[in-house]
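Here are a few friendly notes to read with the structure open beside you. Take the points in order, and find each part on the screen as you go.

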Amino acid sequence: MSTLTWRNASHRTGHEKIDAKNKRIVSLYNQLQTISCEQNYDEIVMDVLGELVEYTDHLAIEEKILEENGYTKLDEHKRKHSAFLEELCSLCESYEDRHPQLLVKLTSLLEIWWEHHIIEDVVKNKHFIATTTH
Ligand SMILES: [Fe+2]
């Protein structure tokens, strides 16, 4: 079992709301790692899926901030958000179908999202968002 660790020094963008959301991704991922038995599976998976659905609202806000600050790879960034949303919808359907690989897929989605989107795209380009205050 491995967990993710939030580090202000390397993960903070300076934008309060974006940092709060990114921190939640770390927590949600770690929460999935606590699933140890059938007893808490439903509760945790449902909570994580529910929060991720709410999280997608934040992606539109992030896109707006990036656009306002002249982020040059906005279209590519938006495509990644759409792909995340699509994958999340598919996982929500898997949950309803009681798909046995759901937990593995959900954990993998968050891990990839953290490493290849949040760290490599958002944090790396923090100069485009840090100065925005809304
Ligand atoms: Fe993003």
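1. One term first: a nonpolar core is a set of buried Ala, Val, Leu, Ile, Met, Phe, Trp, Tyr and Cys residues joined through C-beta atoms within 7 Å. Please also keep in mind that this is a predicted model.

2. Now look for the core itself. The largest nonpolar core has 16 residues, and the members that touch the most others are Ile25, Leu28, Leu110 and Ile129. At least two core residues come from each of helix 2 (16-32), helix 3 (38-68) and helix 5 (102-123). Which helix gives the most to this core? That is helix 5, with 5 residues.

3. Ile129 deserves a second look. Setting aside neighbours within four places in sequence, Ile129 is in contact with Thr13, His15, Ile18, Ile65, Leu66 and Asn69.

4. Next, step back to the whole chain. You should find 5 helices and 0 strands, and reading along the sequence gives the pattern α-α-α-α-α. The radius of gyration is 15 Å, close to the 14 Å that the globule rule gives for 134 residues, so the chain is as compact as a globular protein of that length.

5. For a feel of the dimensions, the C-alpha trace spans about 45 × 30 × 20 Å along its principal axes. Of the 134 residues in the chain, 16% count as buried.

6. Finally, consider how the chain meets itself. Among contacts with a separation of 6 or more, 67% are between residues 24 or more positions apart. The contacts of Ile129 with Thr13, His15 and Ile18, among others, are a good place to start looking.

Methods. Residues are numbered from 1 along each chain as its sequence is written. This is a predicted model: local features need pLDDT of at least 70, side-chain atom pairs count only at pLDDT 80 or more; totals for chains, interfaces and linings use all residues. A residue is buried if 20 or more other C-beta atoms lie within 10 Å of its own, exposed if 12 or fewer, and partly exposed in between; C-beta atoms are placed from the backbone. Helices (H or I, at least four residues) and strands (E, at least two) are DSSP runs, numbered from the N terminus. Two residues are in contact if their C-beta atoms, placed from the backbone, lie within 7 Å. The radius of gyration is taken over C-alpha atoms; the globule rule is 2.2 Å times the number of residues to the power 0.38.
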